[in-house]
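Visitor: Got a minute? I'd like to walk through this one with you.

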2 protein chains.
Amino acid sequence: MQTRWTDRYALRTQSMKSSVIRDLLKLTDEPGIISFAGGLPGADLFPIDAFRTAADLVLRRAGAHALQYSTTEGERPLREMIARHTSRYGIAVTADNVLITSGSQQALDLIGRVFLNPGDHVLVERPTYLGALQAWSAYQAEYLTVGLDADGMRLDELAAALRGGPKFIYALPNFQNPTGVTLSLERRQELVRLADEHGIPILEDDPYGQLRYDGEHLPSLVTLDAEYRGSGKASYSGNVLYLSTFSKTLAPGLRLGWIIGPVDVVRRLAQAKQGSDLHTSTFIQLLAHEVARSGFLDAHVRRLRHAYARRRDAMLAAMTRHFPPAVSWNVPAGGLFIWATLPSPLDAVTLLERALAAQVAFVPGTPFFPDGSGQQTLRLNFTNACEEAIDTGISRLGRVIAAAAGDCFPCP
Amino acid sequence: MQTRWTDRYALRTQSMKSSVIRDLLKLTDEPGIISFAGGLPGADLFPIDAFRTAADLVLRRAGAHALQYSTTEGERPLREMIARHTSRYGIAVTADNVLITSGSQQALDLIGRVFLNPGDHVLVERPTYLGALQAWSAYQAEYLTVGLDADGMRLDELAAALRGGPKFIYALPNFQNPTGVTLSLERRQELVRLADEHGIPILEDDPYGQLRYDGEHLPSLVTLDAEYRGSGKASYSGNVLYLSTFSKTLAPGLRLGWIIGPVDVVRRLAQAKQGSDLHTSTFIQLLAHEVARSGFLDAHVRRLRHAYARRRDAMLAAMTRHFPPAVSWNVPAGGLFIWATLPSPLDAVTLLERALAAQVAFVPGTPFFPDGSGQQTLRLNFTNACEEAIDTGISRLGRVIAAAAGDCFPCP
């Protein structure tokens, strides 16, 4: 039955498609399916006991505060801790540069709200994080894209895209979602320089930076920008807004992320956040602060790195063992994902239907491409399954690919 | 120092004013000030021990689930509990009619996002909840207003405002914020009838409905609409979207609210929520469910009603004792607020400066009026101070008003 509400949707939402991430996350719930689909950290590695201790401590010591309204910007001790953490990498950030958000997704939404007029262009990697496209399409953004290779954004495409006049550049320099690719140091420096030359600000999204399994930590764009501009010694006021989150290092069920930026931009984003959800849960903020402080977070991240590196290696080994030779993939140095390419004319969406029938799930790559290309690509998450399940799941997927390839290339 | 970000704000945010609620909430933090400003529940009444027990139980029994990503719509047991609660009032609501939101503020924001085009009108009470104005002004809404008297919305103004073609009607029928006024049963019925006649849907915001201190519970608009239309027996599909929250019955620091509506509208709002913050904290949802279930919430609300009724009575008695006779106010039957009117030409914003100097705070009424009127009005919160502090604070405020009135009307 139609109601008075049904035919009153705003123009901006009338084209709203069935939401891809959500539909995909649903796949992970079916019993018996081994899922490499969601961007899920390993639930078996959540520090549950640390959360139990911290929850009790916060409620016992500061229960009335934890359960009351708070300020939009976030709880000061948490903002200070995040500022100290960030300052370790060589830029001077204070609590006033930090806005706490309800997950990184809210940070993306607030940036769309504060900066994007309908028809504005955002320069994004091709492919790029689906949630960002979803957040900004709600503000009627359009996209300029720059392809990726093994060293990240292709600089030969970047200059042309910058001439298209984007409002800002969206970059995921570390173990990018969905491809797992990392932007090289030389390209980071060049990106910062080119962006400054064209007068275009950068949004650096870094959910995975701490989850590096091989090689050395590379300086973030926010650090390189501060160096390049000679700013950031006293307080941060550069061209880069930086996003991160506790979702991959502590737990996504908290919904805690943050934006680091110049003070006046943080203030404007906080005004937008106030209208969006007033503030992020006080209790959750105090809880994360209590769990993360005193070095626990660093120690926990070391444990995650060790465990996730083994899972990545298990998946790579299983892919070598079980996938037909015509499938190709990369070896990510960190993060959550391996990116694979099927031989033509195999299509990943069609393959997914067969895979689900065989009790294994992944994410087709095409929704990560603003132009809808990438039909042969798929994203595999290696962090949310134990090594045995990884082998079983990849073996199922290998059989499905081989069978589908057999259909496409029938024996003579 | 200007950055590349600073001059790139979207048109919609360039007129963004300093955020009134946030600035006001800051007043409540100054040491020594007795604050009747914020819409804060009594922190001394938070069921901290129940939260401690529940937090430990949830993490122990379902820690991995509580800390992992969840679905955008919300945790099913919580949605089912809210559906059962709502169905007690005579309409058939299921979990599919419920969307969990990150506080009621997010519900207001999502409704703006899904329904409001720039220039659309919303019909609101005059005065109305400031947070709603803030949420919808971000979508460039405009307002048609209907004045209030002791029985709520004035029906003589309603028909004219409906002819202005609002996208929807926003009503706070119970102990309205800011005035504490309740819409009478007769007017509720007439509002539902008139809205249907004009084909205009209703948004019913009910954060305080359970906090009634005198008289009988009145049926909600969602119930009356279902009765009027003869719908709602099997499943809800009426003209009213209904909002509520745990902020006033359990704790605002959770940031947990919900929208009840027809299934297709809930689905569309969930799509918008996915782009906004993916989902509300899994742990917080399970925590609230664990605390609220098995009758605890009902028992706790009975305790709140008892304590808040005493605080309301203490404030009313103190106002009678300490305020000059030219000040007038209402006697709210529930909720958190008393609404007072100063004698002309006293101005509440000017008075606030003097009040802060005298260590007492309130909220001037004018930001609650979309047209900026109401200069003589002020809102007093009676739930977040003990009876002794209420008497001391009101006595301070009485002296400030008397002194200000003396300045305005000098002795002959």
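Guide: Sure. One cut-off before we start: a residue is buried if 20 or more other C-beta atoms lie within 10 Å of its own, exposed if 12 or fewer, and partly exposed in between. Also, this is a predicted model.

Visitor: Okay, try that on A:Ala62. Buried, exposed or partly exposed?

Guide: A:Ala62 has 16 other C-beta atoms within 10 Å, so it counts as partly exposed.

Visitor: Which element is A:Ala62 in?

Guide: Helix 3 of chain A, residues 48-67. There is a long-range neighbour to look at too. A:Phe283 is 221 residues away from A:Ala62 along the chain, yet their C-alpha atoms are separated by 9.3 Å.

Visitor: How much of chain A is buried?

Guide: 56% of its 412 residues.

Visitor: And what about long-range contacts in general? What share joins residues at least 24 apart?

Guide: 74%, counting contacts in chain A between residues at least 6 apart in sequence.

Visitor: Overall dimensions. What does the C-alpha trace span?

Guide: About 70 × 60 × 55 Å along the principal axes of chain A. The radius of gyration of chain A is 22 Å, which agrees with the value near 22 Å for a compact globule of 412 residues.

Visitor: How many helices and strands in chain A?

Guide: 14 helices and 14 strands.

Visitor: Let's do the two chains. How does chain A map onto chain B?

Guide: A turn of 180° with a shift of 0.0 Å along the axis lays chain A on chain B, at an RMSD of 0.0 Å. The two copies are thus related as by a two-fold rotation axis. Both use the same surface: 100% of the contact residues of chain A recur in chain B.

Visitor: Which residue of chain A comes closest to that axis?

Guide: A:Ala55, with its C-alpha at 3.4 Å.

Visitor: How many residues does the contact take from each chain?

Guide: 80 from chain A and 80 from chain B. Several helices of chain A give two or more residues to its side, including helix 5 (103-115), helix 10 (263-277) and helix 11 (282-292). Helix 3 of chain A has the largest share, 11 residues.

Visitor: What is the chemistry on the side of chain A that touches chain B?

Guide: 36 nonpolar, 30 polar and 14 charged residues.

Visitor: Switching to domains. Where are the bounds in chain A?

Guide: The domain assignment gives domain 1 as 16-45 + 298-408, and domain 2 as 48-294. Their C-alpha centres lie 26 Å apart. The contact between them takes 27 residues from domain 1 and 28 residues from domain 2.

Visitor: What supplies the domain 1 side of that contact?

Guide: Helix 2 (20-27), helix 12 (296-322) and strand 11 (337-341) of chain A each supply at least two residues. Helix 12 of chain A gives the most, with six residues. By type, that side of domain 1 divides into 17 nonpolar, six polar and four charged.

Visitor: Strand 11 again. Which sheet has it?

Guide: An open sheet of four strands in chain A, in the order 10-11-14-13, with antiparallel pairing. Strand 10 (328-329) and strand 13 (363-364) of chain A are at the edges. Each has a single partner strand, so one side of each has no neighbour in the sheet.

Visitor: How many bridges join strand 13 and strand 14 of chain A?

Guide: Two, in the antiparallel sense; strand 14 is residues 377-381. There, A:Pro364 stands opposite A:Leu378 of strand 14 of chain A.

Definitions and conventions
Residues are numbered from 1 along each chain as its sequence is written. Chains are lettered from A and ligands numbered from 1 in the order in which they are written. This is a predicted model: local features need pLDDT of at least 70, side-chain atom pairs count only at pLDDT 80 or more; totals for chains, interfaces and linings use all residues. Copies are superposed by least squares on the C-alpha atoms of residues with pLDDT of at least 70 in both. Two residues are in contact if their C-beta atoms, placed from the backbone, lie within 7 Å. The radius of gyration is taken over C-alpha atoms; the globule rule is 2.2 Å times the number of residues to the power 0.38. Domain bounds come from an automatic or database domain assignment. Ala, Val, Leu, Ile, Met, Phe, Trp, Tyr, Cys and Pro count as nonpolar, Asp, Glu, Lys and Arg as charged, and the others, Gly among them, as polar. Two strands pair if DSSP finds at least two bridges between them.
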